[in-house]
Amino acid sequence: MSEDEVEVKVKKVVKDPKLSLKRFSQYTVATENGKASILKGCKYPGDYVPRFYEMARKLVCDILSANFDDQDLYFEEFKKQAAVYRKEAKAFPINKDPYKNRIRSANGLDAIVAMSMHLKPILSKYILNSNLTRRKNSITKNGVRIGAMADMLLFKDAGATQVGFLKFNFTTKKIKEDEVKAALFVLRAFFEKEGIKLDPKSCFLVDVFAWRIYVASDNSEIEKTVDKATIEIRDNWDLI
């Protein structure tokens, strides 16, 4: 580069309102300052995207899709793979992502194992298929695009009929109940858009580190909350 040349880094700008499912659900319970911060982060996303628990998410979805008759096999495999991740992590500096990804995913797998008794009733009731290849699933409400990817799809009738879905939350911070309601509403809305009628009692969000499983409900108030939030986002997007 010559003396007269200047390297300019172009800031990425998302033109139309677009939020991930997590960021949208967080928005619905955020303070005014929190809402502004979320919108700024979504409109001007950085190049760095942390994926600390994605190894665990993919492994869990892949293994549960095997639909073992013996459910203990799932959790034995999760425990074994957690140990593998911890061993692999030793090859990397502790302040680098390859280390963090493995250690945190190992912790996530351990948490799944610890809540096995809560998960077994779901695993015994449905046929489960991974849905992780459909990362572009979304709904658009009041001009706002919201990510709507479920981690797993739940079927009955020997796999012929989808009746629900399962979404994992791997963050160590306990998710708020109103965030859960918003996330479950958006996910159900996506499948309704696709013409798939789901049973609310078969639509789950698993807060892994809190060892808690939430079930969707038919609540008109959460629809009002989502409607209000999307209108706010649409009206404020260009002001950020």
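## Starting with a pocket

How much space lies in the second largest pocket? About 300 Å³. Keep in mind as you look around that this is a predicted model.

The second largest pocket is lined by 16 residues, and those closest to its centre are Phe185, Arg188, Ser217, Asn219 and Ile222. Sorted by class, its lining has eight nonpolar, two polar and six charged residues. Helix 7, strand 8 (212–215) and helix 8 (220–236) each put at least two residues into this lining. Helix 7 gives the most, with eight residues.

## Meet helix 7

Let's look at helix 7 itself. It covers residues 177–193, which makes 17 residues. From its first C-alpha to its last, helix 7 reaches 24 Å, close to the 24 Å expected at 1.5 Å a residue.

Is helix 7 mostly covered or mostly uncovered? It is mostly covered, with twelve of its 17 residues buried. Among the buried ones are Phe185 and Arg188, two names you have already met at the second largest pocket, where they are among the residues closest to the centre. Others on the buried list include Glu179, Val180, Leu184 and Phe191. Just after helix 7 comes glycine 195, which takes a positive phi of about 80°.

## Strand 6 and its two partners

Now for strand 6 (residues 161–169), which is mostly covered too: eight of its nine residues are buried. One partner is strand 5 (residues 152–156), and this pair is antiparallel, with five bridges. You can spot leucine 153 standing opposite phenylalanine 165 of strand 6. The hairpin made by strand 5 and strand 6 has four residues between the strands, and aspartate 157 there takes a positive phi near 55°.

The other pairing to find is with strand 7 (residues 203–207), which runs parallel to strand 6 and is joined to it by five bridges. Here lysine 167 has leucine 205 in strand 7 as its bridge partner. To get from strand 6 to strand 7, the chain passes through helix 7, and this β-α-β crossover is right-handed.

## The three-strand sheet

There is also an open sheet of three strands, in the order 1-4-3, with mixed pairing. Strand 1 and strand 3 (138–141) are at the edges with a single partner strand each, so one side of each has no neighbour in the sheet.

Where does the mix come from? Strand 1 and strand 4 run parallel and share two bridges, with leucine 19 opposite isoleucine 146 in strand 4. Strand 3 and strand 4, on the other hand, are antiparallel and have four bridges; threonine 140 has arginine 145 in strand 4 as its bridge partner. Strand 3 and strand 4 also form a hairpin with two residues between them, and asparagine 142 in the turn has a positive phi of about 55°.

Strand 4 has two faces worth comparing. Val144 and Ile146 make up the covered face, while Arg145 and Gly147 make up the uncovered one. In a regular strand, side chains alternate between the two faces of the sheet.

## The largest pocket

Back to empty space: the largest pocket holds about 2100 Å³. Of the 50 residues lining it, Ser20, Leu21, Lys22, Arg23 and Val49 are the closest to its centre. The elements that give two or more residues to this lining are strand 1 (18–19), helix 1 (21–27), helix 2 (32–43), helix 3 (54–64), strand 4 (144–147), strand 6 and helix 7.

Which element gives the most to the lining of the largest pocket? Helix 1 does, with five residues. By class, this lining has 22 nonpolar, eleven polar and 17 charged residues.

## Two residues, two distances

Try this pair of examples on chain distance and distance in space. Lysine 156 lies in strand 5 and is partly exposed, with a relative accessible area of 33%. Lysine 125 is 31 residues away from lysine 156 in sequence, and their C-alpha atoms are 8.0 Å apart in space.

Phenylalanine 68 sits in the loop between helix 3 and helix 4 (72–89). With a relative accessible area of 34%, phenylalanine 68 is partly exposed. Phenylalanine 68 and alanine 36 are 32 residues apart along the chain, and 46 Å separates their C-alpha atoms.

Methods:
Residues are numbered from 1 along each chain as its sequence is written. This is a predicted model: local features need pLDDT of at least 70, side-chain atom pairs count only at pLDDT 80 or more; totals for chains, interfaces and linings use all residues. Side-chain values use heavy atoms; hydrogens and water are left out. The expected span of a helix is 1.5 Å times one less than its number of residues. Buried means under 20% relative accessible area, exposed over 50%, partly exposed in between (1.4 Å probe, protein chains only). Two strands pair if DSSP finds at least two bridges between them. A crossover is right-handed if, with the strands pointing away from the viewer, the path from the first strand over the helix to the second runs clockwise. On a 1 Å grid over the protein atoms alone, a cavity is a set of points where a 1.4 Å probe fits but cannot get out, and a pocket is an open set with protein on both sides within 12 Å along at least five of seven lines; lining residues have an atom within 4 Å of a point. Grid points are joined across faces, edges and corners, and a volume is the space filled by probe spheres set on the points. Ala, Val, Leu, Ile, Met, Phe, Trp, Tyr, Cys and Pro count as nonpolar, Asp, Glu, Lys and Arg as charged, and the others, Gly among them, as polar.
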